[in-house]
Amino acid sequence: MSKVCQITGKRTRVGNNVSHANNKTKRKFYPNLQKKKFFLESEGVWVELKVSTKAIRTINKKGLDATLLQAARKGTLSL
């Protein structure tokens, strides 16, 4: 599976390691992804999502239904 958040769409970014001598080598910045189960009250089922920790905080604040609706509108929702 790819390292992409199903809610926010966060994905691996590319940058440089910069040494003291200012040598640059490519490196990757990975998002902090977690597999987490959420209870979808409208359907009455448990849903397992691969989400970033920022998305977990958003779900806790706004609720799962509202967050899924917003992600679907934004186009980042991938199930």
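The following exercises, each with a worked solution, concern the predicted model shown above.

Residues are numbered from 1 along each chain as its sequence is written, and side-chain values use heavy atoms, with hydrogens and water left out. Because the model is predicted, local features need pLDDT of at least 70 and side-chain atom pairs count only at pLDDT 80 or more, whereas totals for chains, interfaces and linings use all residues.

**Exercise 1. Confidence**

State the mean pLDDT of the chain, and find where confidence is lowest and highest.

Solution. Recall that pLDDT is the predictor's confidence in each residue, from 0 to 100. The chain has a mean of 93, and 96% of its residues reach 70 or more. Confidence is lowest in α2, with a mean of 92, and highest in strand β2 (residues 24–29), at 98.

**Exercise 2. Two helices**

Describe how helix α1 and helix α2 are arranged, and list the residues that meet.

Solution. Helices (H or I, at least four residues) and strands (E, at least two) are DSSP runs, numbered from the N terminus. Two packed helices are described by the angle between their axes and the distance between the axes. Axes are lines fitted to C-alpha atoms, for helices over the stretch in contact, and angles run from 0 to 180 degrees between N-to-C directions.

Step 1: the axes of α1 (residues 53–62) and α2 (residues 64–74) come within 7 Å and cross at roughly 125°. Step 2: this crossing makes α1 oblique to α2, since angles under 35 degrees count as roughly parallel, over 145 as roughly antiparallel, 65 to 115 as roughly perpendicular and the rest as oblique. Step 3: Thr58, Ile59 and Lys62 of α1 meet Leu64, Ala66, Thr67 and Gln70 of α2, where contact means heavy atoms within 4.5 Å.

**Exercise 3. Buried or partly exposed**

Classify Ala55, Gln6 and Thr12 as buried or partly exposed, and name a partner of each.

Solution. Buried means under 20% relative accessible area, exposed over 50%, and partly exposed in between (1.4 Å probe, protein chains only).

- Ala55, in helix α1, has 0% relative accessibility and therefore counts as buried. Not counting residues up to four places away in sequence, Ala55 touches Cys5, Ile7 and Thr8.
- Gln6 lies in the segment before β1 (13–18) and is buried, at 14%. The Gln6 side chain reaches the backbone nitrogen of Lys50 at 2.8 Å.
- Thr12, also found in the segment before β1, is partly exposed at 27%. Leaving aside neighbours within four places in sequence, the contacts of Thr12 include Lys3 and Tyr30. The C-alpha atoms of Thr12 and Tyr30 are separated by 4.8 Å, although these residues are 18 apart along the chain.

Definitions and conventions: Polar contact = N/O pair within 3.5 Å; in protein donor to acceptor, adjacent residues only side chain to side chain.
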